[in-house]
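Welcome, and thanks for taking a look at this one with us. Please have the sequence and the 3D view open as you read the notes below.

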Amino acid sequence: MAASGVDYPIVPPGLMACLKIKDSAEGYLLPEVGYDYADLEPYIDEATMKLHHSRHHAGYTRKMNAALDAWRKSGECAELAAKPIENIMQRIDDVPKKWQRAIRNNGGGYVNHAFYWQNMSPGNDPKAQREPTGPLLEKIKANFGSYEALKQKITESAAGLFGSGWVWLVEVPGSGEFQLVTSENQDNPMSQGLKPILALDVWEHAYYLKHKNDRPSYIESWWKVLDWRKVGDILAAWNPTQ
């Protein structure tokens, strides 16, 4: 248990592999999206994907690496500083104040976008599941009443979120309950001891080139490329022994 009093779940190595998060001697690498920038057309346009991944996500990666490097060289709170980024994001409130904002914003942007890319797949992907099935569907029904009810809650939460942020479907450790939560800016639910499995980015840079200020139109398009098979893969990666 960290100084914040939260009992954080173990982050299995398989989750980082699922999210395509990789460390190297030079720092963390920009996670691959796993498909070409044009592959989500006509729902998520190529120009937005290119800007979003190669500029915004790459920027978060670069700035996070710089902040981590400066922190680690300082020797302050060295045990936490040496941990992988996923563990640091869980314990973001324990990061020294000098580096906390930079790592909260850029480390969050780094990890959050990895979830976002891996929740989506091209519209012509024959393996894609545009609606949940099996145990995942049953768990959604148990927690929200129906898939339609969950879909409505996500849509309403995303459309109504003020400013920039994220909508998340998370699993609660211990109970296994699903919850819907939102976060401001680049905050991540892992800092609350939760297990995120689905991420919807509602920052304007995720949709402005195509949808302008019409966020509901972007959300409607996002549903067309959300892949519940990949959401299930992330859930399974969180719980490898189940």
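A good place to start is A158, which sits in helix α7, residues 147–160. Bear in mind throughout that this is a predicted model. With a relative accessibility of 0%, A158 counts as buried. From there, we can move on to the strands, a kinked helix, the nonpolar core and the salt bridges.

**Two alanines and their surroundings**

- Leaving out residues up to four places away in sequence, A158 touches V167, L200, V202, R215 and I219.
- One of these partners, R215, is 57 residues from A158 in sequence, yet their C-alpha atoms are 8.3 Å apart in space.
- A81 belongs to helix α3, which covers residues 78–81.
- Is A81 buried or exposed? Its relative accessible area is 1%, so A81 is buried.
- Apart from neighbours within four places in sequence, A81 is in contact with W71, R72, E76 and I88.
- A81 and W71 are separated by 10 residues in sequence and by 6.9 Å between C-alpha atoms.

**Strand β1 and its partners**

- Strand β1 runs over residues 165–171 and is mostly covered, with seven of its seven residues buried.
- G165, V167, L169 and E171 point one way from β1, while W166, W168 and V170 point the other way, and all of them are buried.
- Which strand pairs with β1 over seven bridges? That is β2, residues 178–184, and the pairing is antiparallel.
- Within this pairing, V167 of β1 stands opposite T182 of β2.
- Six residues lie between β1 and β2, and the two strands form a hairpin. In its turn, G174 has a positive phi of about 90°.
- β1 is also joined to β3, residues 195–201, by six bridges, again in the antiparallel sense.
- Here L169 has L198 as its bridge partner in β3.

**Helix α5**

- Helix α5 takes in residues 97–118, and at 1.5 Å a residue its 22 residues should span 32 Å. The C-alpha atoms at its ends are 31 Å apart, which agrees with that expectation.
- α5 has a kink of about 35°, centred on I103.
- Of the 22 residues of α5, 16 are buried, so the helix is largely enclosed by the rest of the structure.

**The nonpolar core**

- The largest nonpolar core has 71 residues, and I85, I103 and W228 touch the most other members.
- α5 gives the most to this core, contributing eight residues.
- I103 therefore comes up twice: the kink in α5 is centred on it, and it is one of the residues touching the most other core members.
- In soluble globular proteins, nonpolar side chains tend to be buried together.
- What does W228 contact, leaving aside neighbours within four places in sequence? Its contacts include P132, L136, I140, Y147 and L150, as well as Q129, R130 and E131.
- W228 is also in contact with W223 and with L169 and L198, the last two being the bridge partners in β1 and β3.

**Salt bridges**

- The count of salt bridges comes to 10.
- Side chains of opposite charge can pair when their charged atoms come close.
- K141 and E138 form one such bridge, with the closest N and O atoms 3.9 Å apart. Both lie in helix α6, residues 134–144, three residues apart, which is about one turn of the helix.
- K141 is partly exposed at 38% relative accessibility, and E138 is partly exposed too, with a relative accessible area of 47%.
- K195 forms a salt bridge with E171, where the closest N and O atoms are 3.8 Å apart. Since K195 lies in β3 and E171 in β1, the pair ties together parts that are 24 residues apart in sequence.
- Both K195 and E171 are buried.
- R229 forms a salt bridge with D227, the closest N and O atoms being 3.5 Å apart.
- R229 is partly exposed at 26% relative accessibility, whereas D227 is buried with a relative accessible area of 0%.
- D125, D227, R229 and D233 are linked in a network of salt bridges.

Methods. Residues are numbered from 1 along each chain as its sequence is written. This is a predicted model: local features need pLDDT of at least 70, side-chain atom pairs count only at pLDDT 80 or more; totals for chains, interfaces and linings use all residues. Side-chain values use heavy atoms; hydrogens and water are left out. Helices (H or I, at least four residues) and strands (E, at least two) are DSSP runs, numbered from the N terminus. The expected span of a helix is 1.5 Å times one less than its number of residues. The bend at a residue is the angle between axes fitted to the seven residues ending there and the seven starting there. Buried means under 20% relative accessible area, exposed over 50%, partly exposed in between (1.4 Å probe, protein chains only). Two strands pair if DSSP finds at least two bridges between them. A salt bridge is a side-chain nitrogen of Lys or Arg within 4 Å of a carboxyl oxygen of Asp or Glu. A nonpolar core is a set of buried Ala, Val, Leu, Ile, Met, Phe, Trp, Tyr and Cys residues joined through side-chain atoms within 4.5 Å. Contact means heavy atoms within 4.5 Å.
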